[in-house]
Amino acid sequence: MSPRPPEAPSRDCDLCPRLVAFRSANQTNHPDWFNAPVPSFGVQRAWLLIVGLAPGLKGANRTSRPFTGDFAGDLLYATLLRHGLAVGTYGARAEDGLRLVGCRITNAIRCVPPGNKPVAAEVAACRRFLAAEIRNMPELRTILALGVLAHGAVLTCLSVRKRSHPFQHGAIHHLPGGLVLADSYHCSRYNTQTGRLSAAMFDDVLARVSLNRAPVAATFDDDMIGAIPPKRRKRARVMTQTTEPFNGPEGERR
Ligand code: SF4
């Protein structure tokens, strides 16, 4: 029997020669940066998995936490905090104490690609780790794909035909097995500066995704409840007790 592949990449994963060379150059030029495959953020017993494209050069690649330290993180974490999917204060660094509530964040590609543009072989090589993420989340109900590449990577991991579920911002796809895949344009600076995605549009996607929120028992542990300021605990409990699933037709658009 062949050995089971690792569930997460090692710091020196060498499956993508181009990305390894870029990582090596960054280690030389910026020895104080993380410069390694960026691990996922959040507990595995989360109901929501947010899948981005790849670490930003001066964001996650520098700080070691997905979407942390660049513009995309400013928008993502502010929105998660507003919807009760995170508690604490986002400080644009991995040690800011921010905690996710019922969600986990990962990237389709764990190493920073030059120009933020991975090639197909790199997406394929790193897919084993995305598949392991999905496989190892027992409470998973919803995946939010940020961008067409993440959308495609998720569907391939789940062996679902892309033609049956094309990417569209705001789309909600009901997949075989009961899993929901939601789509959003990536919350990158480029997309917001060009007007493709506004903060209101992104907030609207998270509001819809939150309708599929898991019951409180699957979302909070005692530690997390304790981390919420007393004044906000009642509201957080009410929000997390909303168990109404998405009811729209397959591929519903907004
Ligand atoms: S992108 Fe993924 S598969 Fe490629 S070297 Fe990095 S961790 Fe390994």
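This is a dialogue on how to read a predicted model of one protein.

Visitor: Before I look at any single feature, how many helices and strands are there in the protein, and what pLDDT does the protein average?

Guide: This is a predicted model, and the protein in it has ten helices and seven strands. The average pLDDT is 87, with 82% of the residues scoring at least 70.

Visitor: Where does pLDDT stay under 50?

Guide: Where pLDDT is low, the predicted coordinates should not be read in detail. Here pLDDT stays under 50 over residues 217–229, for which the model has 22 contacts beyond four places in sequence, and also over residues 232–254, for which the model has 37 such contacts.

Visitor: Let me turn to the sheet; in what order do its strands stand?

Guide: Strands of a sheet pair through backbone hydrogen bonds, either parallel or antiparallel. In this structure five strands form an open sheet of mixed pairing, and the order across it is β4-β1-β5-β7-β6. The edge strands, each pairing on one side only, are β4 (103–107) and β6, and from one strand to the next the twist averages 20°.

Visitor: Which pairs of strands run parallel, and which antiparallel?

Guide: Strand β5, residues 142–146, runs parallel to β7 and is joined to it by five bridges; within that pair, L146 stands opposite S184 of β7. Strand β6, residues 172–174, runs antiparallel to β7, with three bridges between them, and there I172 has A182 of β7 as its bridge partner. In the hairpin of β6 and β7, five residues lie between the strands, and G177 takes a positive phi near 95°. Towards the other edge, β1 and β4 pair in the parallel sense over five bridges, with V51 having T106 in β4 as its bridge partner.

Visitor: Since β4 is an edge strand, is β4 largely enclosed or left open by the rest of the structure?

Guide: An edge position concerns pairing, whereas burial is a separate count, and the two are best read one after the other. Five of the five residues of β4 are buried, so β4 is largely enclosed by the rest of the structure. C103, I105 and N107 point one way from the strand, while R104 and T106 point the other way, and all are buried.

Visitor: How many residues of β7 are buried, and which helix lies across β7?

Guide: β7 is mostly covered, with four of its five residues buried. Helix α7, residues 199–210, lies across β1 (48–52), β5, β6 and β7, and runs at about 170° to β7.

Visitor: What is the place of S188, and why is S188 called buried?

Guide: S188 sits in the loop between β7 (180–184) and α6 (189–193). A residue is buried if 20 or more other C-beta atoms lie within 10 Å of its own, and S188 is called buried because 21 other C-beta atoms lie within that distance. Position in sequence says little about such surroundings, as one pair illustrates: S188 and L75 are 113 residues apart in sequence and 8.4 Å apart in space, C-alpha to C-alpha.

Visitor: What of the whole protein: what percentage of its residues is buried?

Guide: Buried residues make up 43% of the 254 residues. Among contacts with a separation of 6 or more, 68% are between residues 24 or more positions apart.

Visitor: Why is helix α5 said to be largely enclosed, and what covers its buried residues?

Guide: Seven of the ten residues of α5, residues 148–157, are buried, so the helix is largely enclosed by the rest of the structure. The buried residues in α5 are L149, A150, H151, A153, V154, L155 and C157, and what covers them includes β1, α4, β5 and β7. Just after α5, S159 takes a positive phi of about 55°.

Visitor: Finally, which residues come nearest to the ligand, and which element gives the most to the shell around the ligand?

Guide: There are 13 residues around the ligand, of which P9, C13, C16, C111 and C126 come nearest. The elements giving two or more residues to this shell are α1 (17–29) and α4 (120–135), and α4 gives the most, with three residues. By character, the shell residues divide into eleven nonpolar, no polar and two charged.

Definitions and conventions:
Residues numbered from 1 in each chain as written. Predicted model: local features only at pLDDT ≥ 70, side-chain atom pairs only at ≥ 80, totals over all residues. Near = placed C-beta within 6 Å. Nonpolar A, V, L, I, M, F, W, Y, C, P; charged D, E, K, R; others polar. Buried ≥ 20, exposed ≤ 12 C-beta atoms within 10 Å, placed from the backbone. Pairing = 2+ DSSP bridges. Axes fitted to C-alpha atoms, helices over the stretch in contact; angles between N-to-C directions. Contact = placed C-beta atoms within 7 Å. pLDDT = per-residue confidence, 0-100.
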